[in-house]
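This report covers pockets, sheets and one helix residue. Begin with the pockets.

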Amino acid sequence: MPRRINFINPFGTTAYDDLIQETLTHYAMQDTQLEVTHLEGCPADMDYFYPKHMVEAALFEAVRKSEEDGFDAVIVGCCYDPGVMVSRELVNIPVIGPFEASLNMLSFYGRTAVIVADHVKAGSQMKDNVKLYGASDRILGLDVIDWYVKDMVLDTSAVAHDVVEQTAKSIERTGAEAVILNCTIIAASYQKFLMDGGEPAPFPILNPNLMALGMAETLANLYQKGNYHVSRLGYYGQPKDPHFQAVTEVTRQAWRNAKPNLVSSYIAE
């Protein structure tokens with residue numbers, strides 16, 4: 001039975017869909033149906049935290065709709081891992097954050113890593129996420145290449161050049177055994193460079209898109225076979241009381257009611 005996975009670019013724009021499709025589909029298993037989608041009715045950028053929260057509101061509906069449409073797993077395609085924890089409260093299918101997946105996969109590549117992110121503000125958020133995921137002892141540093149995603153898609157080869165240069169410096173500076181590229185578009189730019197014949201680095205560089213895809217395929221397979229269950233005993237608990245169940249559904253309906261106005265407010269790119 002084919003496993004259906006929705007890779008959601010959590011941006012209110014189509015600008016990143018083709019790049020992710022090009023650099024990710026090739027690595028999916030033969031019986032994986034991978035779809036790359038994006039959001040509507042939210043900002044096209046979330047490099048700053050305020051618009052990020054608007055993106056998450058749109059994302060929650062997209063994740064719930066993915067489950068209703070028969071997807072077996074969802075990847076939230078940003079290394080902020082926006083809305084991942086909340087989404088796991090909302091649905092029973094696996095919801096994968098690329099950064100969390102990369103940290104979980106790290107031990108198969110090396111014991112320690114250095115993070116290479118897009119810019120300083122993003123790096124600050126990633127430092128918080130490292131603590132949240134309990135990986136502080138294995139991440140030996142963080143560096144940035146000073147790019148924003150809106151510019152990366154315009155010159156992926158230049159991004160890849162900066163990745164090659166910075167990762168070598170980061171490994172030398174920290175003594176880490178591997179690199180985690182901490183932006184899905186940085187990773188896609190570097191993957192395109194490799195697919196076009198670029199020479200791989202002499203140390204592991206973890207692509208969070210590929211890490212997320214591998215984890216999504218594994219968990220989707222378990223989900224299909226009835227062996228993946230989100231614990232509802234605590235952190236991901238769902239409301240049982242009719243009052244809180246109603247609050248959840250009213251919240252969803254409020255989003256649906258507001259969406260037409262939001263879509264017209266945010267011009268799709």
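The second largest pocket is lined by Ala 57, Phe 60, Glu 61, Arg 64, Glu 89, Leu 90, Val 247, Thr 248, Thr 251, Arg 252 and Trp 255. This is a predicted model, in which local features need pLDDT of at least 70 and side-chain atom pairs count only at pLDDT 80 or more, while totals for chains, interfaces and linings use all residues. Residues are numbered from 1 along each chain as its sequence is written, and side-chain values use heavy atoms, with hydrogens and water left out.

**Pockets**

A pocket is an open set of points on a 1 Å grid over the protein atoms alone, where a 1.4 Å probe fits, with protein on both sides within 12 Å along at least five of seven lines; lining residues have an atom within 4 Å of a point. Grid points are joined across faces, edges and corners, and a volume is the space filled by probe spheres set on the points. Helices (H or I, at least four residues) and strands (E, at least two) are DSSP runs, numbered from the N terminus. In the linings, Ala, Val, Leu, Ile, Met, Phe, Trp, Tyr, Cys and Pro count as nonpolar, Asp, Glu, Lys and Arg as charged, and the others, Gly among them, as polar.

| Pocket | Volume | Top contributor | Lining classes |
|---|---|---|---|
| Largest | about 310 Å³ | α2, five residues | six nonpolar, four polar, seven charged |
| Second largest | about 230 Å³ | α10, five residues | five nonpolar, two polar, four charged |

The second largest pocket draws at least two lining residues from each of α2, α3 (84–90) and α10. The largest pocket has a volume of about 310 Å³. Of its 17 lining residues, His 38, Glu 61, Ala 62, Lys 65 and Lys 259 are the closest to its centre. Two or more residues of this lining come from each of β1, β2, α2 (49–68) and α10 (242–265).

**Sheet β2-β1-β3-β4**

Four strands make up this open sheet, in the order β2-β1-β3-β4, with parallel pairing; two strands pair if DSSP finds at least two bridges between them. β2 (32–38) and β4 (95–96) stand at the edges with a single partner strand each, so one side of each has no neighbour in the sheet. Strand β1 (residues 3–9) runs parallel to β2, joined by seven bridges. Ile 8 sits opposite Thr 37 in β2.

Two helices lie across these strands. Angles run from 0 to 180 degrees between N-to-C directions, on axes fitted to C-alpha atoms, for helices over the stretch in contact. Helix α1 (residues 17–24) crosses β1 and β2, at about 160° to β2. Helix α9 (residues 208–224) lies across β1, β2, β3 (73–76) and β4, at about 140° to β1.

**Sheet β6-β5-β7-β8**

Another open sheet has four strands in the order β6-β5-β7-β8, also paired in parallel. Its edge strands, β6 (139–144) and β8 (205–206), each pair on one side only. Four bridges link β5 (residues 113–117) with β7 (residues 178–181) in the parallel sense. Ile 115 stands opposite Ile 180 in β7. Helix α4 (residues 98–105) packs on the sheet, touching β5, β6, β7 and β8, and its direction makes about 165° with that of β7. Helix α5 (residues 120–132) lies across β5 and β6, at about 165° to β6.

**Gln 191**

Is Gln 191 buried or exposed? At 7% relative accessibility, Gln 191 counts as buried; the class means under 20% relative accessible area (1.4 Å probe, protein chains only). Gln 191 belongs to helix α8 (residues 184–195). Leaving aside residues up to four places away in sequence, Gln 191 touches Thr 23, Tyr 27, Asn 207 and Leu 210, where contact means heavy atoms within 4.5 Å.

Conventions
Buried < 20%, exposed > 50% of the residue type's maximum accessible area, 1.4 Å probe, protein only.
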